[in-house]
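I sat down with this one to look at its rings, one helix pair and a few odd backbone spots. Here are my notes, in the order I looked things up.

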Amino acid sequence: MSGLLRIMLPAVAALIGAAACSKPSPTPEQPEKPVVEYHEFPIVAWAGIDAKDADAKFGPMKEAGFNVYLDWYDTFEEVETVLDAAEKHGVKVIVRSKDLLSDPAGEAKKMMDREGLFGYFIIDEPETSNLKTYGEIERRIQAVDNVHPCYINLYPNWAWGGANSYLSRLSGYLSVVPAPFLSFDFYPILKKDGGVEIRDGWYKNLEDVRKMSRAKKLPFWAFALSLAGEESEHPTPSLADFRLQQFVNLAYGAQAFQYWTYWGIYHSAPTAVYNPAKQVNKELQVLARYFYGADVTDVWHTGGEIPAGTTALTKMPEGVANLVTGGPALVSRFVNNGHTYLSVVNKDCRQKMSLSITFDNKATKFDHEGFKASVTSTDTNMDPGDIVVFQIK
């Protein structure tokens, strides 16, 4: 078991329960083999549901593949209403009542035995000057409940001192806050001249979070943007936009996937991005079979322009004889349950990309629908933002 998975709190590691593969009956010619279990990723919908509407809206939320909801409420009665709805629909909530920050232990005692509780929402994008206060709040909660994690989400690098100081900001944060994981938001897809561009610093942000995650043996959580429109600098996300954001997060090693916001996905009825988000959430849980608890050991970039702070693929990864991409791609190597994998993401969310890869020995190719094939080489066209995974012998 990887270090990332070992340190996850019990409530996180067993989020919705383990999903075991079906187990065929053994025969004398085919002795029984151990079944490898995998877990679901936490997929988090942020905000947009009034407490009185939770019962009606948690059903469509779960149908879209969200198993965790995060929000904050004025009264504890509203929190109880949301927890009741979560338990009814089989989802979890990360939640804050208005008194959680002033009476952390007291509020935690009132919630800690609820089946629908995933964790305690402390703050979004805290200022550095307040980190010691939030660290103390987390310790006071952990003193009475060390099962359910406390949640803090951090600024992206461009809003927190810049890309060059972000790693030291993360280190400072972890020196005063007993965080069970790192969470940060960065919304990279921007409108430009009738098309889109990727905001500078996104990949460097992921590099720094991954580096700190591995150094401290803490999993990290990342975001995709689901609330945008005509007045926003971001386009309304397409299926490819969601894939790019979440599959890049995945290839860097993210262990939970968040959306800002659920209001952008569902009002009184599904919005235009409901079905694309549902599709990507389904694909993420298929890919959890390989990525859940994985340790991403290397990440490389291909293409004519290598993002600042990242590493170009100049030497073939072990087990790969040749790899050529017809556009900018992200290539990552990860290990899980004693197996070695390679993933490739098409970094263009508007254009297909050709991929040609040859292995030293046979490899197993997986896609986001769960199909697999034995290959020694493959030539394929990847959809915008899409991912393909290979298990390397």
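The entries below go from aromatic rings to helix packing to the backbone.

**Aromatic pairs.** I kept in mind that this is a predicted model. My search of the whole structure turned up 27 aromatic pairs. I looked first at Phe66 and Tyr259: the ring centres are 5.0 Å apart and the planes stand at 80 degrees, so I noted the pair as edge-to-face. Phe66 belongs to the loop between α3 (54–63) and β4 (68–72), while Tyr259 is in strand β12 (residues 256–260), so this pair ties together parts that are 193 residues apart in sequence. Both Phe66 and Tyr259 are buried.

Next I checked Tyr262 and Tyr266, which make a stacked pair with 6.0 Å from centre to centre and 10 degrees between the planes. Tyr262 is buried at a relative accessible area of 0%. Tyr266 is buried too, at 10%.

I also found one aromatic cluster formed by ten names worth clicking through: Trp46, Trp72, Phe118, Phe121, Tyr151, Phe181, Tyr187, Trp221, Phe223 and Trp260.

**Charges over rings.** I then looked for lysines above ring faces. Lys110 lies over the face of Phe76, 4.2 Å from the ring centre. Over the ring of Tyr203 I found the charged end of Lys347, at 4.7 Å from the centre.

**Helix packing.** How do α7 and α8 meet, and at roughly what angle do they cross? The axes of α7 (residues 166–176) and α8 (residues 202–216) come within 9 Å and cross at roughly 35 degrees. I noted the crossing as right-handed. On the α7 side the contact uses Tyr166, Leu167, Leu170, Ser171 and Leu174, and on the α8 side Asn205, Asp208, Val209, Lys211, Met212 and Lys216. Sorted by class, that contact has 6 nonpolar, 2 polar and 3 charged residues.

**Backbone.** Which peptide bond is cis? I found the one from Trp260 to Thr261, with omega near 0 degrees. Thr261 sits in the loop between β12 and α10 (274–291), and Trp260 is a member of the aromatic cluster I listed above.

Two residues other than glycine caught my eye for positive phi. Glu125 has a phi of about 50 degrees and lies in the loop between β6 (117–124) and α6 (131–142). Glu125 is partly exposed, with a relative accessible area of 26%. Asp193 has a phi near 50 degrees, and I located Asp193 in the loop between β9 (189–192) and β10 (195–198). Asp193 counts as exposed, at 77% relative accessibility.

Conventions. Residues numbered from 1 in each chain as written. Predicted model: local features only at pLDDT ≥ 70, side-chain atom pairs only at ≥ 80, totals over all residues. Heavy atoms only, no water. Phe/Tyr/Trp six-rings, centres within 6.5 Å; stacked < 30°, edge-to-face > 60°. Helix = DSSP H or I, 4+ residues; strand = E, 2+ residues; numbered from the N terminus. Buried < 20%, exposed > 50% of the residue type's maximum accessible area, 1.4 Å probe, protein only. Lys NZ or Arg CZ within 6 Å of the ring centre and 35° of its normal. Axes fitted to C-alpha atoms, helices over the stretch in contact; angles between N-to-C directions. Left-handed = near helix turned anticlockwise from the far one by under 90°. Contact = heavy atoms within 4.5 Å. Nonpolar A, V, L, I, M, F, W, Y, C, P; charged D, E, K, R; others polar.
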